[in-house]
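Colleague: I have a model open on my screen and would like to learn how to read its sheets and cores. Could you walk me through it?

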Amino acid sequence: MDKKQLTESDMRDTTMLVVLQNLLTQSRERATLEFKSNWDHAEVIGEYISALANAAALEGHERAWLIWGVDDTTREVKGTTFDPFSQKVRSDKGSGNQALVMWLQYLTQPRADFHFHELSHPNGRVVLLEIHPARSAPVAFKNVRYIRIDSHKVKLAEQPDKEARLWAQLGLKEDWTGEVVPGATWSDLDPEAVIAARQRYTEFCIRGEPDARRNEAIRAEVAGLSDVTLLNKARITKQGRITRSALLLLGKDEAAHFLSPVDAKIHWISRDANSTSSPSYPFGIPFLLATDRVFGRIRNETVDHLPDGTLFPTPVQQYDAWVVREALHNCVAHQDYLLGGKINVVEHADRLVLTNLG
């Protein structure tokens with residue numbers, strides 16, 4: 001078995017060595033190729049995954065590559081100390097450190113398809129990050145989409161022509177939720193939802209800051225932002241203009257006509273043990289508040305859990321609150337609103353079933 005494993009490892013190294021040699025022959029860095037040395041900033045790696053995945057899709061390339069251990073000027077292999085397999089990052093949920101690869105997967109949306117490869121080169125250790133092109137939608141990191149302009153990483157929203165071409169390349173006409181809504185104004189946003197958005201954005205910024213000593217400064221900074229600046233930074237509005245995303249998340253219920261013919265609703269349905277429908281209730285926009293209101297309808301009863309190795313039951317809630325809220329948020333984020341259906345939350349006696357279209 002050891003001999004077989006060694007042979008397979010040798011084959012992988014040979015394949016990666018051929019890939020590396022081919023990439024080293026490139027005259028310069030380009031939209032789908034970036035060389036680094038010992039640089040290991042997790043946040044920026046996530047931004048590069050977004051930029052390179054989107055660039056690969058736009059250019060029609062099968063792969064994009066981010067490579068450590070190579071001088072980006074001379075193309076000489078120098079070796080690197082960067083180790084993606086042992087690096088830890090502070091979890092965004094604040095529950096300790098998380099492996100870099102899983103952290104990057106969690107914060108890319110749609111989940112990016114990438115693989116780290118470690119290669120022993122005669123001149124030193126090399127790490128190759130193989131990135132597959134975006135498939136269903138442009139890849140975002142922490143809700144921001146990036147793209148490569150030659151060898152430079154920029155925000156996709158700042159390149160409207162390339163953004164339009166990328167959506168077309170992916171077989172989609174447009175980012176429907178990101179379109180500006182003619183006639184919609186700030187008076188169509190729910191003030192309570194805007195306050196909630198400020199709180200969520202503050203929490204988001206704090207989760208991304210590894211130095212806990214800066215938390216108060218971050219709170220003060222976000223509190224000082226105007227509503228326009230805040231929602232622009234959160235990518236909910238565009239240059240102060242109201243988008244469909246802004247209406248879905250923050251819009252007053254009476255502003256739902258701007259989304260017509262879309263029926264923007266989260267429908268909570270209760271079923272008994274015989275699957276017979278009993279009470280049901282539709283929740284309209286703003287979805288940022290509606291998800292909490294739907295969660296409040298769910299009968300999350302306390303049940304006794306008997307952990308292994310003990311005779312004493314521990315009372316726990318039937319459903320983990322974080323998991324349910326995350327599922328609700330995913331239903332909102334990934335709903336194909338143009339298909340005309342609602343988001344459904346069906347509460348059975350023993351389970352929750354959440355469905356959306358798309």
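Modeller: Happily; we will go through the sheets and then turn to the cores. Keep in mind that this is a predicted model.

Colleague: Let's start with strands. How do strands of a sheet pair?

Modeller: Strands in a sheet are held together by backbone hydrogen bonds, in either a parallel or an antiparallel arrangement. Here, one open sheet has four strands in the order β5-β8-β9-β10, with antiparallel pairing.

Colleague: Which strands stand at the edges of that sheet?

Modeller: β5 (108–109) and β10 do; each has a single partner strand, so one side of each lacks a neighbour in the sheet.

Colleague: And how many bridges join each pair, going across from β5 to β8?

Modeller: Two bridges link β5 and β8, with glutamine 109 partnered by alanine 140 in β8. Next, β8 (residues 140–141) is joined to β9 (residues 144–149) by two bridges, and phenylalanine 141 has valine 144 as its bridge partner in β9. Finally, β9 pairs with β10 (residues 152–155) over four bridges, where isoleucine 147 is opposite valine 154.

Colleague: What should I look for in the hairpins, for example at lysine 142?

Modeller: Look at the backbone phi angle. The hairpin of β8 and β9 has two residues between its strands, and lysine 142 there takes a positive phi near 50 degrees. The hairpin of β9 and β10 also has two residues between the strands, with aspartate 150 at a positive phi near 60 degrees.

Colleague: Which helix lies across this sheet?

Modeller: Helix α2 (residues 42–59) lies across β5, β8, β9 and β10, at about 65 degrees to β9.

Colleague: What is the strand order in the mixed sheet?

Modeller: That open sheet of four strands reads β1-β2-β7-β6. At its edges are β1 (33–36) and β6 (114–121), each with one partner strand, so each has a side without a neighbour in the sheet. Its neighbouring strands are turned by 15 degrees against each other on average, direction ignored. Within it, β2 (residues 64–68) and β7 (residues 124–131) run antiparallel and share five bridges; isoleucine 67 faces leucine 128 there.

Colleague: Now the cores. Which residues touch the most other members of the largest nonpolar core?

Modeller: Ile266 and Phe287 do, in a core of 45 residues. Elements giving two or more residues to this core include α5 (191–207), β11 (266–271) and α9 (287–297). Apart from this core lies another, of 35 residues, including Ala42, Phe116, Phe141 and Val154.

Colleague: What does phenylalanine 287 touch?

Modeller: Leaving out residues up to four places away in sequence, Phe287 touches Leu248, Leu249, Ala264, Lys265, Ile266, Val332 and Tyr337.

Note on methods:
Residues numbered from 1 in each chain as written. Predicted model: local features only at pLDDT ≥ 70, side-chain atom pairs only at ≥ 80, totals over all residues. Heavy atoms only, no water. Core = buried A, V, L, I, M, F, W, Y, C linked by side-chain atoms within 4.5 Å. Buried < 20%, exposed > 50% of the residue type's maximum accessible area, 1.4 Å probe, protein only. Contact = heavy atoms within 4.5 Å. Pairing = 2+ DSSP bridges. Axes fitted to C-alpha atoms, helices over the stretch in contact; angles between N-to-C directions.
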